[in-house]
Amino acid sequence: MGKQIKEINDRVNSVYRAIVRIEVVSERGSNGRMLKSGSTGSGVIIDSSGLVVTNHHVAGKATRLTCRFHDGEEVGADLLGADALTDLAVLRLRLEERPPNSPPVESAVFGNSDLVKVGDACFAMGSPAGLSQSVTRGIVSNLALISNRRGSFRLDGENVGELVRWLGHDAVIFPGNSGGPLVNSAGEIIGINEVAIASLGGAIPSNLAQKVSQELATRGFVERSWTGLECQPSLKKGKPGILVSGIIDGSPAQTAGFLAGDLITTFAQQTVQAQIPEDLPPFHQMISSIPPGKKVEVKGVRDQQSINWELITAKREPAYQPEEELKSWGLTLRDFTLLSSLEARREGKFGIQVHSVAQGGPSFSAKPRLVQNDVLVEVNGQTLTKIEDLHTISRELTEGKTEPVPVLVRFERNLASYLTVIKIGPEAEEKRPLEAWKPWLGVSTQVLTHELAEALGLETSNRGVRLSQVFPNTPAERAGLLPGDLLFRIDGQLIQAYRPEDVEVFGNMIKQYRIDSTILVEVWRGGRIMEVNATLDKRPKPGNEMPEYEEKNLEFTVRELSFADRVFMRINAEENGLLVENVESAGWAALAGLRQGDLLLKIDHHSVNQIDEIKRLMTNLIKKQPEQVVFFVKRGIHTLFIELQPEWEAL
């Protein structure tokens, strides 16, 4: 018995060494801004190349990822892909950044979740509450755990319960365990922990997790079919079949002639049935796994008569596109997907949907004001089809302007069409922290697709762009870049381009930089990796000379001390600094712990007593883009150092 326990412990410990704690900085749209937040979660290394599996809700919206091993070593990571529908994400550790002669990373292997039985011993592993790695023990208590409320667990508009039936277990899990593995006595991953329901934990079965993670690692996304069928268990107990509860207008199911009340008995030559809600996820998995565009034979019953359908599946698009911020408008916005346009009952994907509006901002102050879910369709008579159109028009309207520009906007709300006038501010240097005024590298590119990478003899998981042309007398030519070069990273940031529709990814990354920035590009040429420095064109802009200074990059506002400040805050005449008047919630400064009412004394050991001083200092920091900026502040009778770690590329 003792020998058996030791063997189990050895197997479990081998997986323990493959656990990583994931520190995440992410962004979400709210109140007209992209708000930053920090969190922690868990993950597990699944191969020696550094692939890590975790949850989408842990890392799916990350702008920066750091993984900590069981021995305390920390390594950066890149997000390869995330899937909201199964709540899974795959990262790749930046193992090349580790010190020379570092030991190989240890990895775990997937087991077969179909062989799991109720009563089997299991071990939940992870980093609860951001602490060091931990292990708890329990038994498997349920093989098909679902939420008792339909659609109660949604990520980015996707119903996770549509495809996932969790393995229920009573091994204790806490917040922060998300993304960690559920392991059997053989030391195999049988699930990825995701939820806690009452006293039970829920893990995504390993067979589903392995399939999805492989596709995310290879392609960056999961291709699925969509039919527009909405189903529920049959109302007649003991009778085979799946009940059609509804049909989405404009969907393949409507084209095929399905009606609510139909009973499906055979789908793609497979007999199907659902007596209880737990029976539906396997049916949905079967539909989604069919290649898009394939003709499927379906048999069933309508009004007690047999009926056949021919259904041609469509490619499933995400429920929502990621939100984007347009600062000069005080908005976060989304482009439409097929599903979101259908939900909004629109005839197509044209137009831009308002996601959130900043109170007091230009769009909020208009009459009538914009509100969530409004759809922008025209600006000054120019049609809008996607967010990039609005970016382009806004730059054209505000270029060279120093005052807000009134623009005529047509938008739709429900079935009504409205006109309003919005005064948009120029997107000048002060308004867009990292220079967004037409930064120029001087190249044209094509996406490094899966097929292209394979044809070039590269790993199909590679992301990036291929230079199809380098223009003369440009930063690219001066840097020595050549047509045919493959570009993988900019300043260590992975170029997430791998699908034909990612043609704008590289250009959008360049736009995030100031015009006079020097970028470090990772280039593949002639079968080897090389690094090239390229300095973008520079257009210097004078700083703001107001006594109050709003730092847009780190999202805080300071002002010089007044007499009243010195009196009521009991600040001696010999003591100087700048008063922190405002800290934007969920900004970089707030994330680091800066508070309204703090007295800012120094930035990176440089005293700041006047507004002109902090303007000069912050301008230099933006150009250098250091990994960290240290504030020395006084808070009441206490002083402390605050470390800010901005993701400059995301500003």
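These exercises work through a predicted model of one protein.

**Exercise 1. Determine whether the radius of gyration of the protein agrees with that of a compact globule.**

Solution.
- Start with the chain length: the protein has 651 residues.
- A compact globule with that many residues would have a radius of gyration near 26 Å.
- The protein has 27 Å, which agrees.
- Next, take the extents. The C-alpha trace spans about 85 × 70 × 60 Å along its principal axes.
- Then consider burial. Of the 651 residues, 49% count as buried, with the cut-off at under 20% relative accessible area.
- Turn to the surface. The protein exposes about 30800 Å². Carbon and sulfur atoms supply 49% of that area.
- Finish with the contacts. Among those with a separation of 6 or more, 61% join residues 24 or more positions apart.

**Exercise 2. State where confidence is lowest and where it is highest among the secondary structure elements.**

Solution.
- Begin with the whole protein: the mean pLDDT is 86. A pLDDT of 70 or more is reached by 92% of the residues.
- Count the elements. The secondary structure comes to 14 helices and 43 strands.
- Confidence is lowest in helix α1 (residues 2-16), where the mean is 67.
- Confidence is highest in strand β3 (residues 51-54), at 96.
- Now look at a weak stretch. Over residues 427-437 the pLDDT stays under 50. The model still has 51 contacts for this stretch beyond four places in sequence.
- Residues 539-546 also have a pLDDT below 50. Their contacts beyond near neighbours in sequence number 14.

**Exercise 3. Describe how strand β5 (residues 74-83) is paired and explain why it is largely enclosed.**

Solution.
- Take the β4 side. Strand β4 (residues 62-68) runs antiparallel to β5, and 4 bridges join the two.
- Locate a pair: T66 stands opposite G76 in β5.
- Read the turn. β4 and β5 form a hairpin with 5 residues between them. In that turn, G72 has a positive phi of about 95°.
- Take the β6 side. Strand β6 (residues 88-93) is antiparallel to β5, with 6 bridges between them.
- Locate a pair again: L93 in β6 is the bridge partner of A77.
- Read this turn too. The β5-β6 hairpin has 4 residues between its strands, and D87 in the turn has a positive phi of about 55°.
- Now the enclosure. 8 of the 10 residues of β5 are buried, so the rest of the structure largely encloses this strand.

**Exercise 4. Analyse the hairpin formed by β35 and β36.**

Solution.
- Set out the strands: β35 covers residues 518-525 and β36 covers residues 528-535.
- Get the direction and the bridges. The strands run antiparallel, joined by 8 bridges.
- Identify a pair: E522 has E531 in β36 as its bridge partner.
- Inspect the turn. There are 2 residues between the strands, and G526 has a positive phi of about 60°.

**Exercise 5. Check the spans of helices α3 and α8 against the expected values.**

Solution.
- Start with α3 (residues 206-219), which has 14 residues. From first C-alpha to last it reaches 19 Å, close to the expected 20 Å.
- Add burial. The buried residues of α3 include L208, V212 and L216.
- Step past its end: G220, just after α3, takes a positive phi of about 90°.
- Move to α8 (residues 387-398), with 12 residues. This helix reaches 17 Å, close to the expected 16 Å.
- Add burial. Among the buried residues of α8 are I387, L390, H391 and R395.
- Step past its end: G400 follows α8 and has a positive phi, near 80°.

Notes
Residues are numbered from 1 along each chain as its sequence is written. This is a predicted model: local features need pLDDT of at least 70, side-chain atom pairs count only at pLDDT 80 or more; totals for chains, interfaces and linings use all residues. Side-chain values use heavy atoms; hydrogens and water are left out. The expected span of a helix is 1.5 Å times one less than its number of residues. Buried means under 20% relative accessible area, exposed over 50%, partly exposed in between (1.4 Å probe, protein chains only). Two strands pair if DSSP finds at least two bridges between them. The radius of gyration is taken over C-alpha atoms; the globule rule is 2.2 Å times the number of residues to the power 0.38. Contact means heavy atoms within 4.5 Å. Accessible areas come from the Shrake-Rupley method with a 1.4 Å probe; for residues, only the protein chains shown count as cover. pLDDT is the predictor's confidence in each residue, from 0 to 100.
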